[in-house]
Amino acid sequence: MIPVEDPRPAARLARRRFLTVTGAATALAFATNLPGGSSASAATDRLPDDPFTLGIASGDPLPEAVVIWTRLAPRPYEPLGGMPYHAVEVEWQVASDERFRRIVRSGRATARPEYSYSVHVDVRGLQPSRQYWYRFKVGTYLSPVGRTRTTPAPGQRVDHLTFAVASCQSFPDGFYTAHQHIAAEDVDAVVFLGDYIYEYGVSASGGLRNLTDPVPNQFRTEADTLDRYRLQYALYKSDPDLRAAHQAAPWIPTWDDHEVQDNYAGLTSKSNAPVEDFLVRRASAYRAYWEHMPLRSPAPQGPNYMLYRRFTFGRLAELNVLDTRQYRADQASADGWKVDSEERRDPARALAGAQQQRWLLDGVRTSHATWNLLANQVIMSRMDQDPTAGDLYNMDAWDGYAAEQKVTLDGLAALRGRNPVVLTGDVHAAYALDMKRDFTDPASQTYGVELVATSISSGGNGSEISATGQKFLDSNPHLKLVNERRGYLRVRLTERELRADYRAVPYVDRNDAPVQTVSSFTVEAGNPGLHAA
Amino acid sequence: MTRTLWRRLVGLSRGRKAAVAGAVIALVAIGGTAPAVAGRPAPTRLSLASDVSLVQVNPIPCANQGFQLQFGNTGRADVYADAFLEVKAPLTLSRNLVSSYLPAGYTLKVPITVTAPRGTAPGQYTITVRSGESRLSVPVEVAPGPVDTTGNLARYVPVTASSENLPSYPACGAVDGDRDSNHWATTTGWNDANKGAFPDWLQVTFDKPETIGRVDVYTLDSTKYPAAKYGLRDWDVQVRVGADWQTVAQVRGNVAGQVSSSFTPLTATAFRIVTLTSNETAGYSRVVELEAYAS
């Protein structure tokens, strides 16, 4: 069986006629309410160079399906990535062995200019809990081979699972060596918690990377239009370690703020731009994000996109992927680290929003999995920065939305035997926190843990612990670890135990740093709380 | 059929990739014309406009000049659209493509910077913009290049930096002729992008070899941001002679807003300051103006 995308000859003819009438190659990327696109060329269409410069990826695995991805960009920094201004046909294969002797699925997809020549194939009909290899072909060009894995079948007993958890990879802040180590981990999935790109302009030297090949001129300005966001993804994917991490395992990504703009909140931009203008920017940013992630179709059409979703790994784990950016109210007290206020506690102010929150708590309540993981962006537990009697909270984190924070945490605390594990990014530091019924009382009940993964590169080389990090330790008895090196988090699950290994590299301003585990914790299933390992 | 071919291709490609790939092309042409999908396209109308009728261009690096492209959707359906921009060499544009979501009735406004290198012949040029059936021509007038009369070798030549805190603190701000620290944070000074990380560098590259015997550094120094607290403390002055960088002066423990470093004049193709530390703990490199003279 060869599933072929969109084999509709009648429609093709209609489209042809349209092209003839209007003079064709119209620059229009077509209306959002239309399924159409430009016509695809034959597979033998000549490209100026190897189109697989941005690598390949897979993601959003299900028991019987996985999305495989690539984007054709023979000259990634040129307009249209160096592609001709028409659709191009791409062939794909999925095999159960690395050498493609046993091909289990194959087909054709169309890379369209409207989606920056990205290809998102939702490969169906696969077996649960299995490794697969995939690749693409355009004309004579063959892509690298990627490895992916389906999730266990519903209800299946699973011995163990391993996830890499990562976030925050500012390109000019350093090399993605941490991804090189993720690629070597043999994980079931990479959970990416946002800030995959930063929207800022990039200097010729590429910041701490100090590149000999200058970053081209068009990168000096901040990303704010679709072409510019696409360029940013192309630059980020120029790092071979990032491509390797995609190639090695399926990713389950979510976004935070920098995929659009620093600390934006729902409809509110950092600069308080008119909502009408900001939504256009958000629509372009969301579209570019989808184009570059192994997410299912359809693509975002306009300024909204449903990103929160759930993955089940048999009876061992369920992963709830959150979106705490798109629906949130503006930060209280003009953002930053602030003392408590009425605005902070205002129940009308959304973070995840009522609908997503209900979806989350309903999901965890009805889950049959031993471990219930949340792929979360900003810190969910209380985090005070003032070591004295006063309190100082991050208005951009869940602390800045105290009413919804309370409902969510109370909701999680009320569920027995669900073993909630919150995975968090954003802060460029490794933290481990016990989630307490009353964070001010160390003797109160612990009902879950929050594991904060440090950044891949953001913040540069980093240090063991900064003065601010020490303040956090002094102010929050439920905080068991602060480490401000770059790296990622490795989470291993069995029916009996969770093990969290905080992996770190000593520097990111040069390539090839070694990795080491700087701290480890275990959590016993049914007995919430961190134990130093 | 496809299956077999792919396997063969991979098997062979371990040996002679390029040659084999060429041979396989003909065999793979099974798809013929690729599939496409079409709806019934709604009439789409895109508008293109400029905020100015003529773009004045100064042929120097760092010139902040151009126009605002107004890219509108006058149709009734929301679209994603592309506008292509072109200009004849040696002129360049900050972008040759603008793509965006354009809701019905919306006009996107995008600044386009136009640059001409030194020595560009003065005269008339044209920028063309096209999107679908829409076309726009924007006339450009390149002025004669400005001539520096102060002897400052850093004016009107390219400047680069180890990093730039964009958009407010570009390297160009350090050679714009504005030494006033009260204009800080308005693109008239350079601030690197990596807090607490040193060394950084700021470099001026000459069009032709120049005799250089003095480098003046104006670091950030205002009532609000005094140099003793926010300015550069330690840096080296280096000049490039042939392919080699030579350190010609070292400044240590500075707390002043302006430091002049004089040295035996040399013929150089570039000069730079390599910054080593700031008066701020875990701070940045901040230069309001960088100047160089023969003596």
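Me: Why is the pair A:D186 and A:R147 called a salt bridge?

Reply: In this predicted model, the closest N and O atoms of A:D186 and A:R147 are 3.8 Å apart. The cut-off is 4 Å between a side-chain nitrogen of Lys or Arg and a carboxyl oxygen of Asp or Glu, so this Arg and Asp pair qualifies. Side chains of opposite charge can pair when their charged atoms come close.

Me: What makes this salt bridge a tie between separate parts of chain A?

Reply: A:R147 sits in strand β10 of chain A, while A:D186 belongs to the loop between α2 (177-183) and β12 (189-192), so the pair links parts that are 39 residues apart in sequence. By the same rule, the count over all chains comes to 36 salt bridges.

Me: How do you know which domains of chain A the two residues belong to?

Reply: The bounds settle that: domain 1 covers 9-149 and domain 2 covers 163-532. A:R147 therefore falls in domain 1 and A:D186 in domain 2. Across the interface of these two domains, the rule finds 5 salt bridges. There are also 18 residue pairs in polar contact between the domains, counting pairs with both residues at pLDDT 80 or more.

Me: Which strands help to make up the domain 1 side of that interface?

Reply: In chain A, β3 (56-59), β4 (66-71), β7 (118-123), β8 (131-138) and β10 (146-149) each supply at least two residues of the side that touches domain 2. The residues on this side divide into 16 nonpolar, 11 polar and 7 charged.

Me: How do you know that the two domains of chain A touch, with their C-alpha centres 30 Å apart?

Reply: The centres do lie 30 Å apart, but contact is judged by heavy atoms within 4.5 Å, and on that basis 34 residues of domain 1 meet 36 residues of domain 2. Together the domains bury about 2800 Å², 50% of it on carbon and sulfur atoms. On the domain 1 side, A:D60, A:Y77 and A:R147 lose the most area to domain 2, together 26% of what that side buries.

Me: What makes parts of chain B less certain?

Reply: Chain B averages a pLDDT of 87, and 85% of its residues score at least 70. Over residues 1-5 of chain B, however, the pLDDT is below 50, and it is below 50 over residues 7-40 of chain B as well. Beyond near neighbours in sequence, residues 7-40 still have 62 contacts in the model. Where pLDDT is low, the predicted coordinates should not be read in detail.

Note on methods:
Residues are numbered from 1 along each chain as its sequence is written. Chains are lettered from A and ligands numbered from 1 in the order in which they are written. Side-chain values use heavy atoms; hydrogens and water are left out. Buried area is the accessible area (1.4 Å probe) that two parts lose on being put together, summed over both. A polar contact is a pair of N or O atoms within 3.5 Å; within protein, one must be able to donate a hydrogen and the other to accept it, and residues adjacent in sequence count only if both atoms are side-chain atoms. Helices (H or I, at least four residues) and strands (E, at least two) are DSSP runs, numbered from the N terminus. Ala, Val, Leu, Ile, Met, Phe, Trp, Tyr, Cys and Pro count as nonpolar, Asp, Glu, Lys and Arg as charged, and the others, Gly among them, as polar. pLDDT is the predictor's confidence in each residue, from 0 to 100.
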